[in-house]
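Trainee: Could we go through this model together, one question at a time?
Mentor: Yes, and let us begin with the metals before turning to the sheets.

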Amino acid sequence: MEDLKRAQALQAELTAWRRYLHRHPETGMALPETSAFVLERLREMGFEPAELPHGGITALAGGKRPGKTVLLRADMDALPMKEESGLPFASCREGIAHTCGHDMHTAALLGAAKLLKEEEDALPGTVKFMFQPGEETLQGAKSMVADGILEQPHVDAAVMMHMAPLLPTGMVFYGSGTVAASSDPFRITVRGKGGHGARPHLSVDPINAAAHIHLSLQELISRETDAADPAVLTIGTFHAGTADNVIPSEAVMTGTLRTYNKKVRDFLLPRMREMVELTAKAFRAEGEFLVTSSVLPLKADPAVVNPAGAAFQRELGGKAVESHEPMCGSEDFAEVTDRVPSLCFLLGGGSREEGFSHGIHHPKVRFQEDSLSYGAAAYVIAAKALLSP
Ligand SMILES: [Zn+2]
Ligand SMILES: [Zn+2]
């Protein structure tokens with residue numbers, strides 16, 4: 001309970017940090033005020049933080065004794081939406097809000113940084129902090145990996161946390177395996193030849209071709225995907241045409257592919273492209289398949305989860321729960337879990353019984369701030385468990 005007690009002693013500071021971040025949300029890859037705040041706090045603690053070329057902040061604790069390097073990550077970005085929490089420290093910016101709890105993540109990781117800095121002489125190895133922009137846009141983790149966050153020193157294990165509203169305050173849920181699906185949002189453009197609705201033989205009808213593409217894509221799930229490896233393919237928009245008697249020149253569909261297995265994803269994406277291009281061709285149209293952004297499945301490695309989980313059980317007692325449920329929607333930290341054995345844990349942010357009733361991305365979502373010290377403690381406990389030789 002030692003680390004939890006130390007974290008709880010920081011509760012007032014954690015809350016103040018969180019409220020500042022909550023009040024000043026920023027979206028995407030450029031987070032000037034958030035970054036300035038994090039850099040300032042880290043410098044106050046005695047760190048020499050560095051900004052990565054395309055966004056994000058890193059800092060190191062320990063390294064005075066030889067050992068492994070463990071990465072702890074918090075995402076810092078907010079969402080382009082209106083906040084309706086009614087909190088006194090609600091967003092001061094119209095149309096931007098911290099409704100995914102990334103303000104909680106950032107404050108908790110700052111708390112962990114402070115605790116680990118205090119005992120860095122005793123750490124058997126190095127803790128690397130990753131304060132990430134652009135999670136919601138699925139760009140941040142990829143960009144920080146490309147900018148070298150996993151090297152110098154080389155990262156041996158990585159840890160991420162996400163708030164889980166509607167679960168009891170301070171509960172830590174962790175598990176092994178694929179904990180969140182991959183996500184590949186895509187756009188399909190079918191180009192034909194517009195003309196008069198009464199003379200289709202003089203046109204190439206993109207709606208007809210797109211309808212066949214729409215149907216044939218589902219056959220990839222029902223006929224070509226192993227039923228034991230779930231995959232979901234949804235077309236969420238289908239737009240074409242302006243008048244009942246005009247054949248348009250273009251039809252556009254957008255959708256998303258979700259899988260729990262990289263092999264399934266690697267099989268389906270090229271097959272989807274083929275299906276689009278060849279089906280369009282069969283109807284004399286031209287089909288284009290574009291994946292607009294993507295995330296791999298989020299993987300938690302038992303080699304990392306087991307020692308960290310045992311430490312959670314020991315240090316947090318009944319607050320630590322091993323779970324086999326998928327964790328959440330997609331999460332861009334998958335860029336890290338694809339390369340480094342990782343732990344992904346959820347932190348309870350307040351249950352219905354405690355008076356909390358909205359999930360993440362809801363304009364009215366609120367979090368019980370006492371969970372911040374549990375989050376900070378869990379980061380510290382995981383880091384020390386994974387460093388211990
Ligand atoms: Zn989110
Ligand atoms: Zn999130």
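Trainee: In sequence, how are the donor residues of the zinc ion (ligand 1) spaced?
Mentor: This is a predicted model, in which local features need pLDDT of at least 70 and side-chain atom pairs count only at pLDDT 80 or more, while totals for chains, interfaces and linings use all residues. Residues are numbered from 1 along each chain as its sequence is written, chains are lettered from A and ligands numbered from 1 in the order in which they are written, and side-chain values use heavy atoms, with hydrogens and water left out. Donors are N, O and S atoms within 2.8 Å of the metal (3.2 Å for Na, K and Ca), and because water is not among the atoms, sites may look incomplete. For the zinc ion (ligand 1) the protein donors are Cys100 (SG), Glu136 (OE) and His361 (NE2), at 2.0 to 2.2 Å, and their spacing in sequence is C-x35-E-x224-H.

Trainee: How many residues apart in sequence are the parts that glutamate 136 and histidine 361 tie together?
Mentor: Helices (H or I, at least four residues) and strands (E, at least two) are DSSP runs, numbered from the N terminus. Glutamate 136 sits in the loop between strand 4 (125-132) and helix 5 (140-146), whereas histidine 361 sits in the loop between strand 16 and helix 10 (371-387), so the parts that this pair ties together are apart in sequence by 225 residues.

Trainee: Which residue bridges the zinc ion (ligand 1) and the zinc ion (ligand 2)?
Mentor: The zinc ion (ligand 2) is coordinated by Cys100 (SG), His102 (NE2) and His162 (NE2), at 2.1 to 2.3 Å. The two zinc ions lie 3.2 Å apart, and the residue that coordinates both is cysteine 100.

Trainee: Is cysteine 100 buried or exposed?
Mentor: Buried means under 20% relative accessible area and exposed over 50%, with partly exposed in between (1.4 Å probe, protein chains only). Histidine 361 is partly exposed at 38%, but cysteine 100, with a relative accessibility of 5%, counts as buried.

Trainee: How many disulfides does the structure hold?
Mentor: A disulfide is a pair of cysteine sulfur atoms within 2.5 Å. For cysteine 92, the closest cysteine sulfur is that of cysteine 100, 19 Å away and too far for a bond. The number of disulfides in the structure is 0.

Trainee: Which strands stand at the edges of the sheet of 8 strands?
Mentor: Two strands pair if DSSP finds at least two bridges between them. The 8 strands form an open sheet with mixed pairing, in the order 1-2-4-3-5-16-6-15. Each edge strand has a single partner strand, so one side is left without a neighbour in the sheet, and these edges are strand 1 (50-51) and strand 15 (320-322).

Trainee: In the sheet of 4 strands, how many bridges join strand 8 to strand 12?
Mentor: This open sheet has the order 10-12-8-13 and antiparallel pairing. Its edge strands, each pairing on one side only, are strand 10 (231-240) and strand 13 (286-291). Strand 8 (residues 184-191) and strand 12 (residues 250-259) run antiparallel, and the number of bridges joining them is 8.

Trainee: Which residues does the UniProt annotation "domain: Peptidase M20 dimerisation" cover?
Mentor: UniProt positions are given in the numbering used here, feature names are shortened, and annotations may be inferred rather than shown by experiment. Over the annotated stretch the chain is 39% helix and 32% strand, and according to the unreviewed UniProt entry the annotation covers residues 186-278.
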